Amino acid sequence: MRKQQTYQWPQLTVGVCYYPEQWDEAMWREDLRRMREAGIRCIRIGEFAWNKVEPEEGKFTFDFFARFLDVAEEAGMKVIFGTPTATPPAWLTEGYPEVLNCRQDGVPYRHGMRRHYNYNSPVYRLLSARIVEALASHYAPHPAVVGWQIDNEINCETCDFYSESDTDAFRTFLQEKYGTLDALNRAWGTVFWNQTYTAWEEIYVPRTTIHNSTNPHQVLDYIRFVSDSAIRFCKMQSDIVRKHCKPGDFITTNGLFGHLDNHRMMDEALDVYTYDSYPDFAFCMNEHPLQSRNLNDRRWSQHLMETRSVCPHFGIMEQQSGALGWNTRMESPAPKPGQMTLWAMQSVAHGADYVSFFRWRTSVMGTEMYWHGILDYDNRDNRKLRELKEFVQKLQPIQELAGADYEASFALVRDYDNDWDAELDAWHSRLTWKSQEEIFIAAQLAHTPMDILYLLDSTEAAELLRYPVLFYPHGLILTEEHAALLRAYVEQGGTLVIGARTGQKDATGQCVMAPMPGLLAEATQTDVTEGTFVGPADGVVCMDWAGQSLDTGVYNEVLALTGPEATVLARYAGNYYAGAPALTERRLGKGRILHFGGTFTRDTVRAFLDYLNLSEPWGDVLTLPADCELCVRRKGETRLFFVLNYAAAPQTVTLHVPLTDMETGETAEGAVALRPYEVKVYRK
């Protein structure tokens, strides 16, 4: 069982990111006054300001932030202080070039951007520990400081590290994991293409190769190593800060990035987790082509679900307030009237009890001068500031929501081994990311609130049994521990849905010499006789299920029954395997397991949701159009229903029972019109 988060916000709180080092000191008091007037009660500072405390190596000055914290306390503003290790100063990178991260071909990333360091440089760890100790010992006692952010967006910009320090640390990581070269060679299958290692010094982090194709088992361990390095770096800092924190203060970090076991980092180093939410990425020109079929900004709910899996009662450290852009990339339209509030309420609906907007004022300098904040360059009151105030007002009637749980009808199961394997294995990737997206989209369109649930070493069956249904679409890597856990879930009453290529690999990423679905074959009483991608000449391959013709996706497996308790629910209707089983079901203990030989599409998932009685679970309470999302948060016997309209046009929601409109306090029933981008919250 995972460790419980050790901090929750006692009330719904609104914050903002502020950079006192970027503005004339004469502006501080007025900025803080305007923030307080708008309803902001907490600010984040300091995460890029190493030089303000250590302008030269070993020479510390604390006056700058001491003055600012005093002004903040005077204004009644609480502060989250960031450790500044995401942007080492020029004196450090110039004096110690070994701290720099490198490209895969060994070329260093130079000073001038951010996150250009590597976690494994001994000198960088030493100097980082020193600055964190200086900051925490000096500022943690200040009454304005209530929390600490470790670094900034760990593994953002890049989650690959190829410095000499990383190679040294990778060798140590592997020696601790495998003990002997013989064990490593077996795990990596180095007999293939004559890659056998005879000395630890022959092993490097992945290097440039022809077609940049590398040993997949080595790369899987390398990703695990990157995650371990980042977590150790975060924990080193949090251990230092924790020595100086006042009782009740918290430690967090922000973002949700690749090659990182965020659950382990949360459990080992943090009190609460925060996410940076920028739904306008869906509309960025030259970055993310507009695909309304994939729900655009509504897709950020999937990221919020993943954050919730890490930390059930999380915060948002950076909530979008304006257009996005750097001077080198990313051009986005400004949020339309109502969208800033919509996206902030999207965060609250999914479990955020703290929402901090990025940023108070748009920077007039630097790479992010087009990454717009609440105020623009001219510093005048504007539409975004008015919308911020409206958002604060929308939170007042739902303050009881703080600490409320998100109520999901089912969960999508993921695990880090398969996420990481899908990054390095193109065959795995093509199945996994598409199926996960289609499951999310189908649930959204069926107005079925869902969770994401990670299988961890600490996961117990009781955690799985919170959900009547689990989808585990393509668990290629399947361990005995996870197979036993999933079987226990089914035997104790759960319904498990698995998809193509389940159980194909072991923990090293090597394919097992056993029929799929591997370690779950006895539980499903099925056998995979063959599998194939659906090629361009094959058209769409469907299965016939209870009178429906349903697309079976990009990859199909031909199934066969191996036991008397398994039954066929659907058969393929095309390609050379027409008539063969495509979907089976087996009752096992108090539950059942469905084995789907295909990959998931939204129409197929909707059929699963209908079959499993999951579609429109709140249909007796309210009916929503497709352009609206439904979220449910529960505290005790009270439920709050969030209805979010992502469309640029009005939408009509039908309330089938009397509900309290939390904004007006009045009872509502029947047809209710929502304005473009409007959010309604109802109490039952």
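**Exercise 1. Place tyrosine 555 in the predicted model, and state whether its side is buried or exposed.**

Step 1. Tyrosine 555 lies in strand S17, which covers residues 555–561. The model is a predicted one.

Step 2. The relative accessibility of tyrosine 555 is 7%. Buried means under 20%, so tyrosine 555 counts as buried.

Step 3. Setting aside neighbours within four places in sequence, the contacts of tyrosine 555 include Trp427, Leu431, Ala500 and Arg501. Also among them are Gly531, Thr532, Phe533 and Val534, as well as Gly597, Gly598 and Thr599.

Step 4. Alanine 66 is 489 residues away from tyrosine 555 along the chain, and their C-alpha atoms are separated by 60 Å.

**Exercise 2. Describe how helices H5 and H8 pack.**

Step 1. Two packed helices are described by the angle between their axes and the distance between those axes.

Step 2. For H5 (residues 122–139) and H8 (residues 216–244), the angle is about 25° and the axes are 9 Å apart.

Step 3. Angles under 35 degrees count as roughly parallel, and H5 and H8 are therefore roughly parallel to each other.

Step 4. The crossing of H5 past H8 is right-handed.

Step 5. On the H5 side, the contact is made by Tyr124, Arg125, Ser128, Ala129, Val132, Glu133, Ala136 and Ser137. H8 contributes Arg232, Phe233, Met236, Gln237, Ile240, Val241, Lys243 and His244.

Step 6. Sorted by class, the contact of H5 with H8 has 8 nonpolar, 4 polar and 4 charged residues.

**Exercise 3. Explain why cysteine 245 and cysteine 628 are too far from the closest cysteine sulfur for a bond.**

Step 1. A disulfide is a covalent bond between the sulfur atoms of two cysteines. The cut-off used here is a pair of sulfur atoms within 2.5 Å.

Step 2. For cysteine 245, the closest cysteine sulfur belongs to cysteine 234 and is 13 Å away, which is too far for a bond.

Step 3. For cysteine 628, the closest cysteine sulfur is that of cysteine 631, at 11 Å, again too far for a bond.

Step 4. The structure as a whole holds 0 disulfides.

Step 5. Cysteine 245 counts as buried because its relative accessibility is 18%. Cysteine 628, at 0%, also counts as buried.

**Exercise 4. Which residues of helix H18 are buried, and what phi does asparagine 613 take just after H18?**

Step 1. H18 covers residues 602–611. Its buried residues include Arg602, Thr604, Val605, Ala607, Phe608 and Leu609.

Step 2. Just after H18, asparagine 613 has a positive phi of about 60°.

Terms used. Residues are numbered from 1 along each chain as its sequence is written. This is a predicted model: local features need pLDDT of at least 70, side-chain atom pairs count only at pLDDT 80 or more; totals for chains, interfaces and linings use all residues. Side-chain values use heavy atoms; hydrogens and water are left out. Helices (H or I, at least four residues) and strands (E, at least two) are DSSP runs, numbered from the N terminus. Buried means under 20% relative accessible area, exposed over 50%, partly exposed in between (1.4 Å probe, protein chains only). Contact means heavy atoms within 4.5 Å. Axes are lines fitted to C-alpha atoms, for helices over the stretch in contact, and angles run from 0 to 180 degrees between N-to-C directions. Angles under 35 degrees count as roughly parallel, over 145 as roughly antiparallel, 65 to 115 as roughly perpendicular and the rest as oblique. A crossing is left-handed if the near helix is turned anticlockwise from the far one by less than a right angle, and right-handed if clockwise. Ala, Val, Leu, Ile, Met, Phe, Trp, Tyr, Cys and Pro count as nonpolar, Asp, Glu, Lys and Arg as charged, and the others, Gly among them, as polar.
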